Amino acid sequence: MATDSWALAVDEQEAAVKSVSGFRLGDSTWGVIKTSTTAEKTDEEEKEDRAAQSLLNKLIRSNLVDNTNQVEVLQRDPNSPLYSVKSFEELRLKPQLLQGVYAMGFNRPSKIQENALSEILVHPPELPQNLIAQSQSGTGKTAAFVLAMLSRVEPADRYPQCLCLSPTYELALQTGKVIEQMGKFHPELKLAYAVRGNKLERGQKINEQIVIGTPGTVLDWCSKLRFIDPKRIKVFVLDEADVMIATQGHQDQSIRIQRMLPRNCQMLLFSATFEDSVWKFAQKVVPDPNIIKLKREEETLDTIKQYYVLCNNRDEKFQALCNLYGAITIAQAMIFCHTRKTASWLAAELSKEGHQVALLSGEMMVEQRAAVIERFREGKEKVLVTTNVCARGIDVEQVSVVINFDLPVDKDGNPDNETYLHRIGRTGRFGKRGLAVNMVDSKHSMNILNRIQEHFNKKIERLDTDDLDEIEKIAN
DNA sequence: AAAAAAT
């Protein structure tokens, strides 16, 4: 019996691997938003292939590179056995779901998946267990909660059963694609995107089983617009939960959504970082949670070379950035600014100098944002000038340089260490050496940089942008 | 200060 199912699994796996290069996101008939509608355009197909492949590569890698992670599990009921499954078969996933998992190139669960999925799925649906999980990006977090949702969902029931909240539009789209790919062998399963710009007619009802969205739209859809019946949601996922429940973040909306959910709804909180106060709040909001913390050596900071450039004002920062441009465009780069205004100014100035750059910030129209992030993913844009909207979660494989044109500071002007780590974490993963360059333009910002340096206890070296040899060196 | 709503 066991041998049989293994043989089948391996067969499926081989079949899946063969079909990997052939599948397209646009094949999906899911959802309110369709990634593509026609099949004729070979250009379009190629584009989608590349996007899918890049997402795939990232997920495959995150599924493999985690042998050194240390996991800490805190169980609500200390007497219950500590489950940790070593294979997807043991999770007893539905065959269609298992097929989806293998089609994505997953062989065995990552550490976070082993533990999180065991905790989430071993208990019967009547007694769902809540979970707070912390693990770095690139450890398979997304796949973990996507699998959790797909396992719990009942495809025959045509109403929303799983709800996932993302902090930004771009991240919601990215996560949505993972859901689509993993669940694509469930033909009757559908996904709805509750994001800005996705308009429904009055009185319409969402009958897709899974909803991914941003807080504002989801709240509207659940409350006054009544597109979603929140009373029948079985699984509620908060991605990047620390931003979602931080006082300055989306707390109010997330809590209001959460209050509309039924009492027995399973709640899953996932994040890479949990600051102390947020952690406490999370435990208050989520009753009796199991807790999983994945301890990872600060690999991020070991594989990312950090520099700073000393300037006197914004114009000098701009000049220094122009000097760096040639070096950073070897692969892809992200440039972070503190405000939307600075970002659009910088993008305009760089193009005036003849440098091709793309701009992405929250003031743009959603259609435009979707197009820009797509072009960046495809590599058609090498340099992306952006705000904190892209600080978290956005995974573009070829990004090897992150530039902090403005250092990350919170609303009080103090260094924002979490955001710093998230920003530079967009690069430097898995063998590829990453590079972070911080632009300092005053005594004040030098002070902030020093405090960031102290916080991570990692040397940030000075870089002279007039020294082209040095730039060549760091770029390679 | 950014993000997030059909406000």
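Student: What makes strand S4 (residues 191-194) and S5 a pair?

Tutor: In this predicted model, S4 and S5 run in the parallel sense and share four bridges. Two strands pair if there are at least two bridges between them, so four satisfy the requirement. Within this pairing, Tyr193 has Ile212 of S5 as its bridge partner.

Student: How do you know that strand S3 (residues 162-165) is also joined to S5?

Tutor: S3 and S5 are parallel and are joined by four bridges. As at least two are needed, S3 therefore pairs with S5. Here Cys164 is matched with Ile212 in S5. Ile212 thus appears in both pairings, as the partner of Cys164 and of Tyr193.

Student: Why are both faces of strand S5 (residues 210-213) called covered?

Tutor: Side chains of a regular strand point alternately to the two faces of the sheet. On one side of S5 lie Ile210 and Ile212, and on the other Val211 and Gly213. Each of these residues is buried, which means that its relative accessible area is under 20%. Both sides are therefore covered.

Student: What makes a residue part of the surface near DNA strand B, and how many residues surround the strand?

Tutor: The condition is a heavy atom within 4 Å of the strand. There are 25 residues around DNA strand B, and the closest include Thr217, Phe227 and Arg340. By class, six are nonpolar, 13 polar and six charged. Helix H7 (residues 215-222) supplies the largest share, three residues.

Student: Why is the approach of Thr214 to DNA strand B called a polar contact?

Tutor: A polar side-chain atom of Thr214 is 3.0 Å from a phosphate oxygen of the strand. The limit for a pair of N or O atoms is 3.5 Å, so this pair qualifies.

Student: How do you know that bases of DNA strand B are approached as well?

Tutor: Of the strand's atoms within 4 Å of the protein, 60% are in sugar or phosphate and the rest are in bases. Two backbone approaches illustrate the latter. An N or O backbone atom of Leu200 is 2.9 Å from a base nitrogen, and a polar backbone atom of Gln248 is 3.3 Å from a base nitrogen. Both distances lie within 3.5 Å, so both are polar contacts.

Definitions and conventions
Residues are numbered from 1 along each chain as its sequence is written. Chains are lettered from A and ligands numbered from 1 in the order in which they are written. This is a predicted model: local features need pLDDT of at least 70, side-chain atom pairs count only at pLDDT 80 or more; totals for chains, interfaces and linings use all residues. Side-chain values use heavy atoms; hydrogens and water are left out. A polar contact is a pair of N or O atoms within 3.5 Å; within protein, one must be able to donate a hydrogen and the other to accept it, and residues adjacent in sequence count only if both atoms are side-chain atoms. Ala, Val, Leu, Ile, Met, Phe, Trp, Tyr, Cys and Pro count as nonpolar, Asp, Glu, Lys and Arg as charged, and the others, Gly among them, as polar. Buried means under 20% relative accessible area, exposed over 50%, partly exposed in between (1.4 Å probe, protein chains only).
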